[in-house]
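User: Hi! Could you walk me through this one with me? I'll throw short questions at you as I look.
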Amino acid sequence: MIHLNDRPANADADPADPTAPVGVGPHPRPWPDDPRLDPQLLAEGDRRNVLDRYRYWRLEEIVADLDTHRHPLHVAIQNWEHDFNIGSIVRTANAFNVAGVHIVGRRRWNRRGAMVTDRYLHVHHHPDVASLVEWAARAGVRLVGVDNLPGSVPLETFELPRDCCLVFGSEGPGLTEEMVGACNGLVAITQYGSTRSLNAGAAAAIAMYHWSVRWASPAGGIARPAAAAR
Ligand SMILES: C[S@@+](CC[C@H](N)C(=O)[O-])C[C@H]1O[C@@H](n2cnc3c(N)ncnc32)[C@H](O)[C@@H]1O
């Protein structure tokens, strides 16, 4: 019996060469008998940016495995300007294994920073704010706007709801008034320097991390509320 773990990640990489290929090369024969594995990846090597435990897995098998432990966190992004930040938000959303990503506005979005991580996520499109609101009501998810606008509450002092959709604005205009009005709450990340704002990708990473500190357990599941102190 051959175990995938017998073959270390980056087995082919020369640590002294920054241009060396990432990932793993072709799997030595005999191949493991595991239907989750992709014969093409086994034959040609797996250069994808995936965890070692997913090496050589078929894409749909990785998605199915992620589906078994997705967090009840969603993220929504207003897409007015083909903002390069959207790809970065999507990549972070994959890292936090969110339940869904919602693109609001234009259907086409800037995928550059996503590094194909969108393939491992459930990405939904909403043509307008009303459509996002309708989905959230049906799903029992609270919309929390994230922007440094008048009336926003410091994120550091705010307990995000467990079943929550964090809503981010575009670079430039930020969240629209209509979106702010549709949200159940509005939070801002406190800043200390002179710039007006963070870029949306950085803000989204901080906000997702804040949610996960409260609700995600280190084992990957969902933390239960702590028992009341006696
Ligand atoms: C560049 S900002 C947009 C505009 C911002 N409201 C302003 O006054 O300049 C783009 C998006 O990044 C996020 N963002 C940036 N800085 C933030 C902060 N300090 N707190 C919360 N969200 C922030 C928000 O989602 C915002 O809509």
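User: What sign does phi take at Asn-97, just after helix 3?

Analyst: Asn-97 takes a positive phi of about 50 degrees, just after helix 3. Helices (H or I, at least four residues) and strands (E, at least two) are DSSP runs here, numbered from the N terminus. Bear in mind that this is a predicted model: local features need pLDDT of at least 70, side-chain atom pairs count only at pLDDT 80 or more, and totals for chains, interfaces and linings use all residues. Residues are numbered from 1 along each chain as its sequence is written.

User: Thanks! And how many residues of helix 3 are buried?

Analyst: Helix 3 is mostly covered, with 10 of its 11 residues buried. Buried means that 20 or more other C-beta atoms lie within 10 Å of the residue's own; 12 or fewer is exposed, in between is partly exposed, and C-beta atoms are placed from the backbone. Among the buried ones are Asn-85, Arg-91 and Asn-94.

User: What covers the buried residues of helix 3?

Analyst: The cover includes strand 1, strand 2, strand 6 and helix 6. That rests on contacts, meaning C-beta atoms, placed from the backbone, within 7 Å.

User: Let's move to the sheet. In which order do the strands run?

Analyst: The order is 3-2-1-6-4-7-5, an open sheet of 7 strands with parallel pairing. Two strands pair if DSSP finds at least two bridges between them. At the edges are strand 3 and strand 5 (153-154), each pairing on one side only. Helix 3 packs on this sheet, touching strand 1, strand 2 and strand 6, and its direction makes about 175 degrees with that of strand 1. Helix 6 packs on the sheet too, touching strand 1, strand 4 and strand 6, at about 165 degrees to the direction of strand 6. For these angles, axes are lines fitted to C-alpha atoms, for helices over the stretch in contact, and angles run from 0 to 180 degrees between N-to-C directions.

User: How many bridges link strand 1 and strand 2?

Analyst: 7 bridges, in the parallel sense. One pair to click on is Asn-79 with its bridge partner Gly-105 in strand 2. Strand 2 also pairs with strand 3 (residues 123-126), again parallel, over 4 bridges, and there Ile-103 has His-125 as its partner. Strand 2 is mostly covered, too: 6 of its 8 residues are buried.

User: And strand 1 with strand 6, how many bridges?

Analyst: 5 bridges join them, and they run parallel. His-74 stands opposite Cys-165 in strand 6.

User: Which residues touch the most other members of the largest nonpolar core?

Analyst: Val-75, Ile-89, Val-144, Cys-165, Leu-166, Val-167 and Phe-168, out of 44 residues in that core. Helix 6 gives the most to this core, with 7 residues. Such a core is a set of buried Ala, Val, Leu, Ile, Met, Phe, Trp, Tyr and Cys residues joined through C-beta atoms within 7 Å.

User: What does Val-167 touch?

Analyst: Not counting residues up to four places away in sequence, Val-167 touches Ala-76, Leu-143, Val-144, Gly-145, Val-146, Leu-175, Met-179 and Cys-183.

User: Switching again: why is Ala-188 called buried?

Analyst: Because Ala-188 has 21 C-beta neighbours inside 10 Å. Ala-188 lies in strand 7, and its contacts beyond four places in sequence are Asp-147, Asn-148, Ser-152, Pro-154 and Leu-155.

User: Last one: which residues come nearest to the ligand?

Analyst: Gly-169, Gly-174, Ser-197, Ala-200 and Ala-203, of the 18 residues around the ligand. A residue counts as near if its C-beta atom, placed from the backbone, lies within 6 Å.

Notes:
Two residues are in contact if their C-beta atoms, placed from the backbone, lie within 7 Å.
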